[in-house]
Amino acid sequence: MSGKHVAKNQPSSFAFTDENKMKIEEVLKKYPESKKKSAVMPLLYIAQRQNNNWIPLAAIQLIADMLETTYIKVYEVATFYTMYNLAPVGKYFVQVCTTTPCMIRGSGKVVEVCKKHISEKQGHLNKELDSSWIEVECLGACVNAPMVQINDDYFEDLNAEKAEAIIKGFKEGKLPNIGSQSGRKGSEPIQNRTTLLNKNA
């Protein structure tokens, strides 16, 4: 399902910022010295956040050296989890949930919108190099299906028209309010409450 691939153009080196080195020191304090390689996931995440939401291979090597483990061990983690990106994803990274609840509610149409307005192939930057999209497993907002995650935020209760409006907004550098795009609050019923209406019951 995932359109993950490794970028062909790689930086020759990678170094953590001083701020992130301090964060890493705090992370490593949570693990015994003999088990510090267990910190691989948070270190990968820190590297990704520092590098415009993707992890270069040089960062994987650096993390392996820091944790005194092999490159392949870190690479295996980075390639297994969809939360890690191994190629540039752009300013707007759209993750479309296509698991059963979202699929039944029309996520396929959202995928078609992404193909039309971002790129035909998932995991590839658009022509403007500012956005990309992939299909992902359940993002945990099934009651508000179909939904997408754009960067760190959820946009729910979508249809083709609403998804298209969101993606077209990329060109103007804006996103709508996060959450439901149909106006409901949280996971309340679409047609308002139909039970437990009597407060005295």
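**Close-up 1. Tyr81 and its aromatic neighbours.** Tyr81 counts as partly exposed, at 33% relative accessibility. Its neighbour in this view, Phe80, counts as exposed, with a relative accessibility of 62%. This is a predicted model, and a search through the whole of it finds 5 aromatic pairs. One of them joins Phe80 and Tyr81: the ring centres are 4.9 Å apart and the planes stand at 85 degrees, so the pair is edge-to-face. Tyr84 belongs here too, as Phe80, Tyr81 and Tyr84 make up one aromatic cluster.

**Close-up 2. Phe14 and Phe16, an aromatic pair with both members buried.** Here is another product of the search that yields 5 aromatic pairs. Phe14 and Phe16 meet edge-to-face, with 5.2 Å from centre to centre and 85 degrees between the planes.

**Close-up 3. Helix H2 and the helices it packs against.** Helix H2 spans residues 40-50, and its buried residues are Val40, Leu43, Leu44, Ile46, Ala47 and Gln48. Which helices do the buried residues of H2 pack against? They pack against helix H1 (18-28), H3 and helix H4 (71-80). H3 (residues 57-66) also has the highest mean pLDDT among the elements of the protein chain, at 98. Just past H2, do look for Asn52, which follows the helix and has a positive phi near 55 degrees.

**Close-up 4. The open sheet and helix H6.** Five strands come together here: the open sheet of 5 strands runs in the order E2-E1-E3-E4-E5, and its pairing is mixed. Strand E2 (131-136) and E5 are the edge strands, each pairing on one side only. Helix H6 (residues 107-117) packs on the sheet and touches strand E1 (92-97), E2 and strand E3 (148-150). The direction of H6 makes about 150 degrees with that of E1.

**Close-up 5. Strand E5 at the edge of the sheet.** Strand E4 (residues 153-156) pairs with E5 in the parallel sense, over 2 bridges. Phe155 has Gly179 of E5 as its bridge partner. A word on confidence: E5 (residues 179-180) has the lowest mean pLDDT among the elements, at 92. For the protein chain, the mean pLDDT is 92, and 98% of the residues reach 70 or more.

**Close-up 6. Cysteines without a disulfide.** How many disulfides are there? The count comes to 0. The closest cysteine sulfur to that of Cys97 is in Cys102, but at 3.6 Å this is too far for a bond, because a disulfide needs the sulfur atoms within 2.5 Å. For Cys114 the closest cysteine sulfur is again in Cys102, 12 Å away and too far for a bond. Cys97 is buried at 2% relative accessibility, and Cys114 is buried with a relative accessible area of 1%.

**Close-up 7. Backbone features in three loops.** Most residues other than glycine have a negative phi, and most peptide bonds are trans. With that in mind, start at Leu129, in the loop between H6 and E2: its phi is positive, near 60 degrees. Is Leu129 buried or exposed? Leu129 counts as exposed, at 58% relative accessibility. Asp157, in the loop between E4 and helix H7 (160-168), likewise has a positive phi, near 55 degrees. Asp157, however, is buried, with a relative accessible area of 7%. Finally, visit the loop between E2 and E3, where Pro146 is placed. Here a cis peptide bond joins Ala145 and Pro146, with omega about -10 degrees.

Methods:
Residues numbered from 1 in each chain as written. Predicted model: local features only at pLDDT ≥ 70, side-chain atom pairs only at ≥ 80, totals over all residues. Heavy atoms only, no water. pLDDT = per-residue confidence, 0-100. Helix = DSSP H or I, 4+ residues; strand = E, 2+ residues; numbered from the N terminus. Buried < 20%, exposed > 50% of the residue type's maximum accessible area, 1.4 Å probe, protein only. Contact = heavy atoms within 4.5 Å. Pairing = 2+ DSSP bridges. Axes fitted to C-alpha atoms, helices over the stretch in contact; angles between N-to-C directions. Phe/Tyr/Trp six-rings, centres within 6.5 Å; stacked < 30°, edge-to-face > 60°.
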